[in-house]
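This report is an introduction for a reader who has not met the structure before. The sequence and the model come first, and the description follows.

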Amino acid sequence: MRHLQSSAYVVTVWADALSINQVDNIEKAHQIRRMHDIYSRAQSTVVWLGPEADGSDMAMIVPLRTGSEARELGLLDHTALALNNGFQNRDPEFQGLRSMIDEIGWLYPFKAVRELFERPYWSRLWVLQEYALATKIEVRCGRNIIDGDQFNAGYLLLPMLQKSLMESARDADFFEPVRAGADYEVDTNQDGHPISRLEHLHNNTVIADRAGNLVEARNLYELWQIKADNPKDRVFGLLGLLGPGVELGFAIDYEVSDEELYTGVARWLLSCGQISLSSYTRFRHAMPSWIPNWRGRARAPNMTKGLFKPSGSHSGHARPIGYDTIQFRGLLLDTVTWYGDCWQATNYNRADPDFSWENAERFLAEVETTMATQPNVPPMLSGMSREQWQEGAWRIPVADQSTNDIGMRIRATGAAKAGWEAMKLGEAAHTVWDRGPGKSALNLYVIAIGRLRRRRLAGTSQGLVGLMPADVEIGDIVAIIVGAESPMLLRPGSEGGAYKIVGECYVYGIMDGEMIGTDTVFTDIDVC
């Protein structure tokens, strides 16, 4: 607060930690309803990163020197994907940025920047709405003060700088720094890339215009480790992002139990048509299976990002039929009759000793053998050719997903097959994986297979093959839920009762609406 004082004029400050009585749950609940208005109408939002330390003066000089020029060159006018494509394709529109990056080169203070983004501010849950809703941002660290747009532009330039430096390196192992003694790493000691973190904060004000889409808001803090002392704040701390006029279907009340709050949130979201929430559910005995556990950090789903539409163009919403039961519309397709070993990757984006090449090779062999012993297309997949069916040998291990040069998930292309073939050669054949990030088909395949957590290869009575949750059991049902981003694995209840969601799954050949026709009749599926 001392850094905000002025001898020339009165400074009126609203700070949530001081302006709200933190021990009064009724007052906190009332103030949460006003968060969107407070941050979106504030004359300025101050981001206080703390006093000068660990080279922060140098880190703050970076956007001072580069931010204005990068902003004038249009960096903030483009999405990350457009910037990457324009930069890679040497689009004349981005020549100014390229020249600027070439001039900076290895002078960039990577270590100081990394430590600036390791500061506690970036891991606070409430920061999401502060940063995303602000009309004007002022970033302060010690005596340094920087305009928010200038700060954003100065740091969002970094991914292109890293890419340029990597591409300019010659004969550099992927394992070692591309220049002897160089510290060019910017990954922080917390989960997530700091510049990706900033990019999300800068670009996700769109959430405020998507009423009810709390799932998208949740995605923001699942990308990195966000801290919230009170488990309820993992919901309440995101509500400001929903925008004004949104009628919540649950109470903002610190006195209810966590389970009661999470139940109300899930019931409201599913009733509003946010069926993608089902991808976050995990089989548990303590709570209804259709309710994600917001208390801790939930891993992002394996099959999401809008890549798949198993129910085709159909959308829908769920209907509560009791406190712990909800009714979906969908299709019950087939019964699981076998499953294999559990595949679990650890560190997959570097040549890390924790990555088990032996397990990966065994997993690939299991999939390839399964497809070879089942050469004919299952009758359910009448629109698929035999050649397409055999592509499952390299598509299934990565759930038909790959990664582009800026880390975004995309559908697998023919390049993934090259990565699969390279990976089958084993670790000994690849003492050097890469000559720069994003260039090696093997690297991209390793990244894709590493993203799949706790998956088992499994098959059904009619020959469908895919990746199921590790908790799969014989007798589980593969189902398509209208509006879900992936097929779901359901466990039948006793004596014909409601099903339980075991988790999302990838089933080869049914991910793009192949099971849905013009005469398809969906059935009611009760889930508890």
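The text below goes from the whole chain to salt bridges, then to selected residues.

**The chain as a whole**

The model is predicted. The protein chain has 528 residues, and 52% of them count as buried. Its secondary structure comes to 19 helices and 14 strands. The chain exposes about 23,900 Å², with carbon and sulfur atoms supplying 48% of that area. Among the contacts with a separation of 6 or more, 73% are between residues 24 or more positions apart.

**Salt bridges**

Side chains of opposite charge can pair when their charged atoms come close. How many salt bridges does the structure hold? The count is 15. Three of them are listed here with the distance between N and O.

| Arg | Acidic partner | N to O distance |
|---|---|---|
| Arg-362 | Glu-358 | 3.2 Å |
| Arg-411 | Asp-400 | 3.0 Å |
| Arg-491 | Asp-476 | 2.8 Å |

The pair of Arg-362 and Glu-358 sits within one element, helix H15, which spans residues 357-373. The two residues are four apart in sequence, about one turn of the helix. Glu-358 is exposed because its relative accessible area is 56%, a value over the 50% cut-off. Arg-362, at 41% relative accessibility, counts as partly exposed.

Arg-411 and Asp-400 meet in a salt bridge of 3.0 Å. This pair links distant parts of the chain, 11 residues apart: Arg-411 is in strand S7 (residues 409-411), while Asp-400 is in the loop between helix H17 (392-395) and S6. Their exposure can be given for each residue. Arg-411 is partly exposed, with a relative accessible area of 26%, whereas Asp-400 is buried, with 7%.

The closest N and O atoms of Arg-491 and Asp-476 are 2.8 Å apart. These residues also join distant parts of the chain, with their positions 15 residues apart: Arg-491 belongs to strand S11 (residues 488-491), and Asp-476 to the loop between strand S9 (465-469) and strand S10 (477-481). Both Arg-491 and Asp-476 are buried.

**A network around Asp-400**

Which residues are linked in a network of salt bridges? They are Glu-391, Arg-395, Asp-400, Arg-411 and Asp-512. Arg-395 lies in helix H17. With a relative accessible area of 15%, Arg-395 is under the 20% cut-off and is therefore buried. A polar contact of 2.6 Å joins the side chains of Arg-395 and Asp-400. Leaving aside neighbours within four places in sequence, Arg-395 is in contact with Asp-400, Ala-412, Tyr-506 and Tyr-508.

The loop between H17 and S6 holds Asp-400 and also Ala-399. Phi of Ala-399 is near 55°, a positive value in a residue other than glycine. Phi of Asp-400 is likewise near 55° and positive, again in a residue other than glycine. Ala-399 is buried, with a relative accessible area of 0%.

**Thr-403 in strand S6**

Thr-403 is found in strand S6, which covers residues 401-403. Is Thr-403 buried or exposed? It counts as buried because its relative accessibility is 6%. The side chain of Thr-403 makes a polar contact of 2.9 Å with the side chain of Arg-451. Not counting residues up to four places away in sequence, Thr-403 touches Met-408, Ile-410, Leu-444, Ile-447 and Arg-451.

**A surface patch**

Tyr-9, Val-11 and Val-13 form a nonpolar patch on the surface. Together, these residues have about 280 Å² of accessible area. Val-13 lies in the segment before helix H1 (16-19). At 35% relative accessibility, Val-13 counts as partly exposed.

**Cysteines**

A disulfide is a covalent bond between the sulfur atoms of two cysteines. In this model the count of disulfides is zero. Two cysteines can be described by their exposure. Cys-342 is partly exposed, at 35% relative accessibility, while Cys-505 is buried, at 0%.

Terms used
Residues are numbered from 1 along each chain as its sequence is written. This is a predicted model: local features need pLDDT of at least 70, side-chain atom pairs count only at pLDDT 80 or more; totals for chains, interfaces and linings use all residues. Side-chain values use heavy atoms; hydrogens and water are left out. Patches are made of residues with over 30% relative accessible area and no salt bridge: like charges are joined within 9 Å, nonpolar side chains (Val, Leu, Ile, Met, Phe, Trp, Tyr) within 5 Å. Accessible areas come from the Shrake-Rupley method with a 1.4 Å probe; for residues, only the protein chains shown count as cover. A salt bridge is a side-chain nitrogen of Lys or Arg within 4 Å of a carboxyl oxygen of Asp or Glu. Buried means under 20% relative accessible area, exposed over 50%, partly exposed in between (1.4 Å probe, protein chains only). A polar contact is a pair of N or O atoms within 3.5 Å; within protein, one must be able to donate a hydrogen and the other to accept it, and residues adjacent in sequence count only if both atoms are side-chain atoms. Contact means heavy atoms within 4.5 Å. A disulfide is a pair of cysteine sulfur atoms within 2.5 Å.
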